[in-house]
Amino acid sequence: MPLPRLLLSRHYPEAVIARARRDYQVVLPEHDASANGDALIEQLQGVDGALISASNRFTATIFARLPAEVKIIASYSVGYEHVDLDAAKAKGVVITNSPDVLNDATADTALLLLLAASRRARECLQMVLNGDWVGWSPTHLLGKQPTGKRLGIIGMGRIGRAMAERCRALGMDIHYHNRSRLAADLEGDATYHATADELFRVADFLSIHCEMTPATTKLVNARTIALMPDAPVIVNTARGGIVDDEALLAALKSGRVAAAGLDVFDGEPKLHPGYLKAPTAFLLPHIGSATLDTRNAMGFRALDNLDAYFAGREPGDRLA
Ligand code: DGY
């Protein structure tokens, strides 16, 4: 039996490519770039499956044009808003994601953002690099102390819970909103809020960990920010589209929101130019899961799903 033909849509870490080459006839584009539209269809010619990233958009149009031999698309991501699952189902294409293995790395990034934003790391770094630091002062660059404050987590899935774990160690009081309340052993000492609005009302700090869906698009907006306690800190490691950029930027400018820590942006890698001029916005270039261990584990998880499919078994992370 010839090995299945597999497109690697991006240049994944070496160990992932090596394992793929062991078990598949690998098609690897010469350059690492996000192919979309015609370029994506071009890459998908002559393969049985593909290991894709969240930067490859599998829209209904792409599924309509998908070569018939492509039977499975394994995404190297936990998020899957870039894949139209209904269109995939209609076409009979199997879709998987790679959850779990990035929980710690992503929660670490959320914690980094929470601390960096609340301690004004961008302004601090800028001052040092500009040579503007003239010495210690009792009231210089005062930040916001997380200890004893309420952390509101939107989306208490595996990453949200890993963030809660970390923030308990900071002495924070954990509150959350989720589609459904967690079982007692997962909830621990966290306080459940049945609606997002209820959570906004108590969130001195807010960390976003929900999926991006029509219901969560621009969930953080002028109305919901106005519900929050005075001068909160907002952290986003989920998807940029969950935040209304205009509203957040206006709130940062007025001080209504003290600071924001953002790893993801609507329309990334382009971001709203206002963020470049917002000193209280601490910005990262979507590196939530970017450790070698995690990126290897994501690739291995995606390959486990592909292996299962081609061996006639049910892939563990099947979404469609
Ligand atoms: C994910 O896994 O969803 C990350 O955001 C990378 O796309």
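Here is a friendly dialogue on reading a few features of this predicted model.

Colleague: Let's start with the helix pair. At what angle do the axes of α1 and α12 cross?

Modeller: The axes of α1 (residues 14-23) and α12 (residues 292-310) cross at roughly 20 degrees, and they come within 9 Å. Angles under 35 degrees count as roughly parallel, so α1 is roughly parallel to α12. The crossing of α1 past α12 is right-handed.

Colleague: Which residues meet where α1 and α12 touch?

Modeller: From α1 come A15, V16, R19, A20 and D23. From α12 come R295, N296, G299, F300, L303, D304 and D307. Sorted by class, this contact of α1 with α12 holds 5 nonpolar, 2 polar and 5 charged residues.

Colleague: How should I think about the spacing of such residues along a helix?

Modeller: The general idea is that an α-helix has 3.6 residues a turn, so residues three or four places apart point the same way. With that in mind, take the buried residues of α12, which are T294, N296, M298, G299, A302, L303, N305, L306 and A308.

Colleague: What do the buried residues of α12 pack against?

Modeller: They pack against the strands β1 (5-8), β3 (49-52), β4 (72-75) and β5 (94-96), and against the helices α1 and α5.

Colleague: How far does α12 reach from its first C-alpha to its last?

Modeller: Helix α12 has 19 residues and reaches 27 Å, close to the 27 Å expected at 1.5 Å a residue. After α12 comes G312, with a positive phi near 85 degrees.

Colleague: Now a single residue in α5. Is S118 buried or exposed?

Modeller: The test is relative accessible area, and under 20% means buried. S118 has 2% relative accessibility, so S118 counts as buried. Its place is in helix α5 (residues 103-118). Setting aside neighbours within four places in sequence, S118 is in contact with L113, G143, K144, F205 and V233.

Colleague: And for a loop residue, where is L182 found?

Modeller: L182 lies in the loop between β7 (173-177) and α8 (184-187). The cut-off used for S118 applies again: L182 has a relative accessible area of 12%, so L182 is buried.

Colleague: Which residues does L182 touch, not counting those up to four places away in sequence?

Modeller: L182 touches M156, R161, Y176 and E187 on that count. You can also compare separation in sequence with separation in space: L182 and G157 are 25 residues apart in sequence, and 9.0 Å apart from C-alpha to C-alpha.

Notes:
Residues are numbered from 1 along each chain as its sequence is written. This is a predicted model: local features need pLDDT of at least 70, side-chain atom pairs count only at pLDDT 80 or more; totals for chains, interfaces and linings use all residues. Side-chain values use heavy atoms; hydrogens and water are left out. Axes are lines fitted to C-alpha atoms, for helices over the stretch in contact, and angles run from 0 to 180 degrees between N-to-C directions. Helices (H or I, at least four residues) and strands (E, at least two) are DSSP runs, numbered from the N terminus. Angles under 35 degrees count as roughly parallel, over 145 as roughly antiparallel, 65 to 115 as roughly perpendicular and the rest as oblique. A crossing is left-handed if the near helix is turned anticlockwise from the far one by less than a right angle, and right-handed if clockwise. Contact means heavy atoms within 4.5 Å. Ala, Val, Leu, Ile, Met, Phe, Trp, Tyr, Cys and Pro count as nonpolar, Asp, Glu, Lys and Arg as charged, and the others, Gly among them, as polar. Buried means under 20% relative accessible area, exposed over 50%, partly exposed in between (1.4 Å probe, protein chains only). The expected span of a helix is 1.5 Å times one less than its number of residues.
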